[in-house]
Amino acid sequence: MVERRDRDNRDRDRDKEFTEKLIKLNRVAKVVKGGRRFSFSALVVVGDQKGRVGLGFGKANDVTEAIRKSIEKAKKNMITLPLKNGTLPHEVLGEFKSAEVLMKPAAPGTGVIAGGPVRAVMDVSGVTDILSKSLGSKNTINIVKAVFNGFDKILDAKAVARNRGKSLAEMWG
């Protein structure tokens, strides 16, 4: 019995390391012979507020099940951001379909200047100072996917220095 309690506590501790944020919950109605059949989809971002962040999208007939599925998917699809003093190392434009998100690094103390879905992603990822502008589509899911596309385009200073055959000190002058 003691062994099981330890395992439960370990699972609870592991969940505490991540911050989960529900961005969008959507109810979809399917009209069938007996009336309407409802299902739900949930868009969730999960992060450790230290540069690791993941995106999950889950669908189910129940709200709690849709959220649980999306959280699991988000934890599987985690990426690491090369943060520099709480902001991005350089300007980047993320694109997904017709949604575009421009993200610029900001000076310390600026805060997160971003719209709803972008702000949620930045909060859980640990970015404290950023300027962003959502361009094009206003579709929440596509905006979040555009942010993650921008995160994929971010270059890591250590990797760039290694590829050029220089040290990090030589790169920064």
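Analyst: A residue counts as exposed when its relative accessible area is over 50% and as buried when that area is under 20%; partly exposed lies in between. The model discussed here is predicted.

User: How do I apply that to N85: what does N85 count as?

Analyst: N85 has 67% relative accessibility, so it counts as exposed. The residue is in the loop between β4 (78-80) and β5 (92-96).

User: What is the sign of phi at N85?

Analyst: Phi of N85 is positive, near 55°, and N85 is a residue other than glycine. Q49, also not a glycine, has a positive phi near 60°. The loop that holds Q49 runs between β2 (35-47) and β3 (52-60). With a relative accessible area of 44%, Q49 is partly exposed. For a glycine with positive phi, look at G126: its phi is near 100°, and it follows α3.

User: How many residues of helix α3 are buried?

Analyst: The helix covers residues 116-125, and 7 of its 10 residues are buried, so α3 is largely enclosed by the rest of the structure. The buried ones are P117, V118, A120, V121, M122, V124 and S125.

User: How do I read a nonpolar core, and which residues have the most contacts inside the largest one?

Analyst: A nonpolar core is a set of buried residues of certain types, such as Val, Met and Phe, joined through side-chain atoms within 4.5 Å. The largest one here has 27 residues, and M103, V121, M122 and F151 have the most contacts inside it. Two or more residues come from each of β2, β3, β6 (99-105), α3 and α4 (140-153). The greatest contribution is that of α4, with 6 residues.

User: Which residues does V121 touch, setting aside those up to four places away in sequence?

Analyst: V121 touches I23, V45, V53, V144, V147, F148 and F151. There is also a second, separate core of 6 residues, with V44, I71, A74 and M78 among them.

User: Now the charged side chains. How many salt bridges does a search of the whole structure find?

Analyst: The search finds 5 salt bridges. One of them joins the side chains of E20 and K75, at 4.0 Å from N to O. This pair links distant parts of the chain, since E20 is in strand β1 (residues 19-32) and K75 is in helix α2 (residues 63-76), 55 residues apart. E20 is partly exposed, with a relative accessible area of 39%, and K75 is partly exposed at 28%.

User: What is the N to O distance between D123 and K21?

Analyst: The distance is 3.2 Å, and the two side chains form a salt bridge. Here too distant parts of the chain are linked: D123 belongs to helix α3 and K21 to strand β1, 102 residues apart. D123 is partly exposed at 28% relative accessibility, and K21 is partly exposed at 33%.

User: Where do E65 and R68 lie?

Analyst: Both lie in helix α2, 3 residues apart, which is about one turn of the helix. Their side chains meet in a salt bridge of 2.3 Å, N to O. Shared partners join E65, R68 and E72 into one network of salt bridges. E65 is partly exposed at 30%, as is R68 at 36%.

User: How do I read a sheet, and in what order do the 4 strands of the open sheet come?

Analyst: Strands of a sheet pair through backbone hydrogen bonds, either parallel or antiparallel. In this case the order is β5-β6-β8-β7, and the pairing is mixed. The strands β5 and β7 (112-113) stand at the edges with a single partner strand each, so one side of each has no neighbour in the sheet.

User: In which sense do β6 and strand β8 pair?

Analyst: They pair in the antiparallel sense, over 7 bridges, with β8 made of residues 130-136. At the residue level, M103 has S132 in β8 as its bridge partner. Helix α4 packs on this sheet, touching β5, β6 and β8, and its direction makes about 135° with that of β5.

User: N142 is in helix α4. Is N142 buried or exposed?

Analyst: N142 counts as buried, because its relative accessibility is 13%. Leaving aside neighbours within four places in sequence, N142 is in contact with F96, K97 and A99.

Notes
Residues are numbered from 1 along each chain as its sequence is written. This is a predicted model: local features need pLDDT of at least 70, side-chain atom pairs count only at pLDDT 80 or more; totals for chains, interfaces and linings use all residues. Side-chain values use heavy atoms; hydrogens and water are left out. Buried means under 20% relative accessible area, exposed over 50%, partly exposed in between (1.4 Å probe, protein chains only). Contact means heavy atoms within 4.5 Å. Two strands pair if DSSP finds at least two bridges between them. Axes are lines fitted to C-alpha atoms, for helices over the stretch in contact, and angles run from 0 to 180 degrees between N-to-C directions.
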